[in-house]
Amino acid sequence: MTSDRVIDLLRKAYSDEIETVMNYQTNAIVLDGVRAEEIKESLKQDIQEELGHAEQIGQRLKQLDARPPGSAEFTARQDSLQPPEDSTDVLSVIRGVLDAEEDAIETYRSLVDAAEEAGDPVTEDLAVTVLADEEAHRTEFRGFEKEYRDE
Ligand SMILES: [Fe+2]
Ligand SMILES: [Fe+2]
C-alpha cells in the first residue's frame with residue numbers, strides 16, 4: 001500500500017508531463033530561424049522522453065489501483081512556456097523550458113521523499129529514474145541559455 005500523497009504527486013507529475021509535451025510540441029513548430037533549429041531538434045527529442053515519463057507514471061498509478069487524470073481534471077500551469085509572440089524569440093522558449101524542468105525536478109524530489117516515507121520502493125525507484133532525466137534536460141537547456149544570453 002502507498003500513501004495518498006504518493007498518488008497525488010503521481011497524478012500531478014502525469015498532468016505536468018502531458019502539458020510539457022503539448023508546449024514542447026507547439027514551440028518546436030512555432031519557432032523560426034536558423035538559430036532556432038538546434039532548439040527545435042532538442043525539443044522534439046525531449047517530447048518523446050516526456051511522453052515516456054507520462055506512460056510510466058500512468059502505469060504506476062494503475063498498479064496502485066489509481067488512475068491518471070483525463071483532460072476534464074486538467075489545469076494548465078506553464079505560463080512561461082507559452083509560444084512567444086515573436087517566433088524568433090528562442091531565449092523565451094529556453095527560459096520556459098528551464099521553468100518546466102525545475103518544476104518537474106521539484107515534483108520528482110517530493111515524490112522520492114513521499115514514496116520512501118510510504119515504504120513504496122517501486123515508486124521511489126521510478127521517481128529517481130525520471131528525476132535523473134529531468135536533471136539532464138535542465139543541464140542541456142542551461143547550456144543553450146548560456147549560449148543565447150552571451151550572443
Ligand atoms: Fe518528464
Ligand atoms: Fe524534462
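The following exercises, each with a worked solution, concern a predicted model of a protein.

Residues are numbered from 1 along each chain as its sequence is written, and chains are lettered from A and ligands numbered from 1 in the order in which they are written. Because the model is predicted, local features need pLDDT of at least 70 and side-chain atom pairs count only at pLDDT 80 or more, whereas totals for chains, interfaces and linings use all residues.

**Exercise 1. Overall architecture**

Task: State how many helices and strands the protein has, and in which order its elements run from the N terminus.

Solution.
1. Helices (H or I, at least four residues) and strands (E, at least two) are taken as DSSP runs, numbered from the N terminus.
2. By this rule the protein has 4 helices and 0 strands.
3. The order from the N terminus is α-α-α-α.

**Exercise 2. Overall dimensions**

Task: Determine whether the radius of gyration of the protein agrees or disagrees with that of a compact globule.

Solution.
1. The radius of gyration is taken over C-alpha atoms, and the globule rule is 2.2 Å times the number of residues to the power 0.38.
2. For 151 residues, a compact globule would have a radius near 15 Å; the protein has 16 Å, which agrees.
3. The C-alpha trace spans about 50 × 30 × 20 Å along its principal axes.
4. A residue is buried if 20 or more other C-beta atoms, placed from the backbone, lie within 10 Å of its own, exposed if 12 or fewer, and partly exposed in between. Buried residues make up 34% of the 151 residues.
5. Two residues are in contact if their C-beta atoms, placed from the backbone, lie within 7 Å. Among contacts with a separation of 6 or more, 74% join residues 24 or more positions apart.

**Exercise 3. Helix lengths**

Task: Compare the expected spans of helix 2, helix 3 and helix 4 with the distances between their end C-alpha atoms.

Solution.
1. The expected span is 1.5 Å times one less than the number of residues in the helix.
2. Helix 2 (residues 37-63) has 27 residues and should span 39 Å; its end C-alpha atoms are 40 Å apart, which agrees.
3. Helix 3, with 28 residues, should span 40 Å, and the distance between its end C-alpha atoms is 41 Å, in agreement.
4. For the 30 residues of helix 4 the expected span is 44 Å; the end C-alpha atoms lie 43 Å apart, which also agrees.

**Exercise 4. Packing of the helices**

Task: Identify buried residues of helix 2 and helix 4, what covers them, and the residues that touch the most other members of the largest nonpolar core.

Solution.
1. Buried residues of helix 2 include Ile39, Leu43, His53, Ile57 and Leu61. Their cover includes helix 1 (4-30), helix 3 (90-117) and helix 4 (121-150).
2. In helix 4, the buried residues include Thr123, Leu126, Ala127, Val130 and Phe141. Helix 1, helix 2 and helix 3 are among what covers the buried residues of helix 4.
3. A nonpolar core is a set of buried Ala, Val, Leu, Ile, Met, Phe, Trp, Tyr and Cys residues joined through C-beta atoms within 7 Å. The largest has 29 residues, of which Leu10, Ala13, Tyr14 and Leu111 touch the most other members.
4. Two or more residues of this core come from each of helix 1, helix 2, helix 3 and helix 4, and helix 3 gives the largest share, 10 residues.
5. Leaving out residues up to four places away in sequence, Leu111 touches Val6, Leu9, Leu10, Ala13, Thr123 and Ala127.

**Exercise 5. Individual residues**

Task: Describe the setting of Ala115, Glu116, Pro83 and Asp65.

Solution.
1. Ala115 is in helix 3 and counts as buried because it has 25 C-beta neighbours inside 10 Å. Beyond four places in sequence, Ala115 contacts Val6, Asp120, Thr123, Glu124 and Ala127.
2. Glu116 is also placed in helix 3; with 15 C-beta neighbours inside 10 Å, Glu116 is partly exposed.
3. Pro83 lies in the loop between helix 2 and helix 3 and is partly exposed, with 17 other C-beta atoms within 10 Å. Pro83 and Leu31 are 52 residues apart in sequence, yet 8.1 Å apart in space, C-alpha to C-alpha. Pro83 touches Thr26, Asn27 and Val30, residues up to four places away in sequence not being counted.
4. Asp65 belongs to the loop between helix 2 and helix 3 and counts as exposed, with 9 C-beta neighbours inside 10 Å. Although not a glycine, Asp65 has a positive phi of about 60°. Most residues other than glycine have a negative phi.
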